[in-house]
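Colleague: Could you take a close look at one helix pair for me and walk me through how the two pack?

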Number of protein chains: 2
Amino acid sequence: MAEAGARPWARSDEKHQAIVRAAREVFLDKGYLGTNMDLIASRSGVSKQTVYTHFGSKEALFVEIVGSMTGAAGDRVHHDRPELGDGDLEAYLRAFAERQLRIVTEPELLRLRRLVIGEVGRFPELAKVLYERGPQRAIDELTAMFEPLRERGLLAGDPAAMAEWFNWLVMAAPLNRAMMLGDAAVPADDDLRRHVAEAVRIFLAAFAP
Amino acid sequence: MAEAGARPWARSDEKHQAIVRAAREVFLDKGYLGTNMDLIASRSGVSKQTVYTHFGSKEALFVEIVGSMTGAAGDRVHHDRPELGDGDLEAYLRAFAERQLRIVTEPELLRLRRLVIGEVGRFPELAKVLYERGPQRAIDELTAMFEPLRERGLLAGDPAAMAEWFNWLVMAAPLNRAMMLGDAAVPADDDLRRHVAEAVRIFLAAFAP
């Protein structure tokens with residue numbers, strides 16, 4: 001390990017990554033209260049002191065896990081988003097929504113979301129991080145996607161408001177079912193496509209000019 | 001206390017009710033893991049043995065709390081629901097949705113929902129109880145409400161599917177924001193009415209014949 005700089009570690013540090021990986025597993029498996037730093041240290045093959053040197057506290061480590069998992073999922077949804085071009089608007093919106101819904105309903109993200117919601121009383125800041133990097137980011141990206149569509153006369157409405165309606169038309173039923181009924185309630189491919197097609201139909205019935 | 005019957009208690013029993021009230025407070029305040037039967041006994045002024053006589057286990061008591069709180073909220077939404085008659089459909093749907101949204105976003109119910117979601121991994125059955133008595137009951141009641149409206153030619157679509165879309169158009173954005181951003185994110189009256197009005201407009205754009 002390079003020890004020459006002012007900080008004894010970097011984010012790319014192997015130990016740092018090993019701690020993050022172990023912490024993700026332990027938090028998702030045992031919940032916040034059920035997690036202790038000894039277990040994370042032993043699973044990542046470092047000393048407990050090293051865990052504290054890297055993250056300072058259990059809470060800071062939890063914030064890191066929430067931020068990195070949510071951010072990575074958002075990157076997968078939003079990076080390299082295709083442009084509509086001369087394509088069909090309905091098909092374009094469907095393809096976007098199917099990808100978004102598949103990523104957001106992956107079991108690890110559902111477990112993270114349940115865990116964070118369960119801790120809102122104790123850690124309100126943490127759920128804000130998840131909200132901002134999850135739904136709020138999705139709504140912001142959709143807003144940016146809808147602005148040019150409105151300028152072209154393909155949609156009629158306030159882009160930010162349309163973005164919020166679109167997001168929840170696509171997400172609400174499957175996400176809320178999965179929150180409570182477990183991962184088995186996540187729709188399989190055919191059901192997911194039917195659900196998205198109807199969500200897009202409703203959206204366009206309300207917001208196509 | 002009447003001790004003559006086969007069971008030493010009844011649901012109407014004062015002790016029983018005192019235990020339920022204390023348990024509701026303690027679970028909502030401390031979460032499932034943070035709750036112990038000693039505290040519930042001392043808050044309800046009975047012995048720990050009496051708590052176990054009435055409920056058998058901490059888990060059974062938690063199920064009772066979830067079922068009774070969710071059931072009572074559902075009763076308030078659905079009992080004495082007015083008929084549309086010759087009234088205006090849009091105004092009728094708005095009035096129903098405003099009442100439903102106000103009840104579902106009451107702070108105690110939001111806390112219960114967060115608590116139950118946080119425990120899905122440990123108690124999947126419990127979240128099913130909440131889902132069935134909460135969203136699923138709402139969707140079933142809406143289905144029954146939409147069937148005659150479809151027969152009268154005021155709505156076009158499968159009643160159960162329309163019910164699910166209506167429910168989540170109304171609930172999704174405020175409920176999911178409140179789940180993560182806390183009770184302060186619940187919309188105040190003006191915002192709630194605007195939100196509901198737009199939800200109903202979108203619904204009718206998609207499902208009015």
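**A helix pair in chain B**

Modeller: Happily! In H1(B), B:Ala18, B:Ile19, B:Ala22, B:Ala23, B:Glu25 and B:Val26 meet B:Leu39, B:Ile40, B:Arg43 and B:Ser44 of H2(B); contact here means that C-beta atoms, placed from the backbone, lie within 7 Å. By class, this contact has seven nonpolar, one polar and two charged residues (Ala, Val, Leu, Ile, Met, Phe, Trp, Tyr, Cys and Pro count as nonpolar, Asp, Glu, Lys and Arg as charged, and the others, Gly among them, as polar). This is a predicted model, where local features need pLDDT of at least 70 and side-chain atom pairs count only at pLDDT 80 or more, while totals for chains, interfaces and linings use all residues. Residues are numbered from 1 along each chain as its sequence is written, with chains lettered from A and ligands numbered from 1 in the order in which they are written.

Helix H1 of chain B spans residues 14-30 and helix H2 of chain B residues 37-44; helices are DSSP runs (H or I, at least four residues), numbered from the N terminus. Their axes come within 8 Å and cross at roughly 125 degrees. Those axes are lines fitted to C-alpha atoms over the stretch in contact, with angles from 0 to 180 degrees between N-to-C directions. H1(B) and H2(B) are therefore oblique to each other, the class left once angles under 35 degrees (roughly parallel), over 145 (roughly antiparallel) and 65 to 115 (roughly perpendicular) are set aside. The crossing of H1(B) and H2(B) is right-handed, that is, the near helix is turned clockwise from the far one by less than a right angle.

Conventions:
Helices (H or I, at least four residues) and strands (E, at least two) are DSSP runs, numbered from the N terminus. Two residues are in contact if their C-beta atoms, placed from the backbone, lie within 7 Å.
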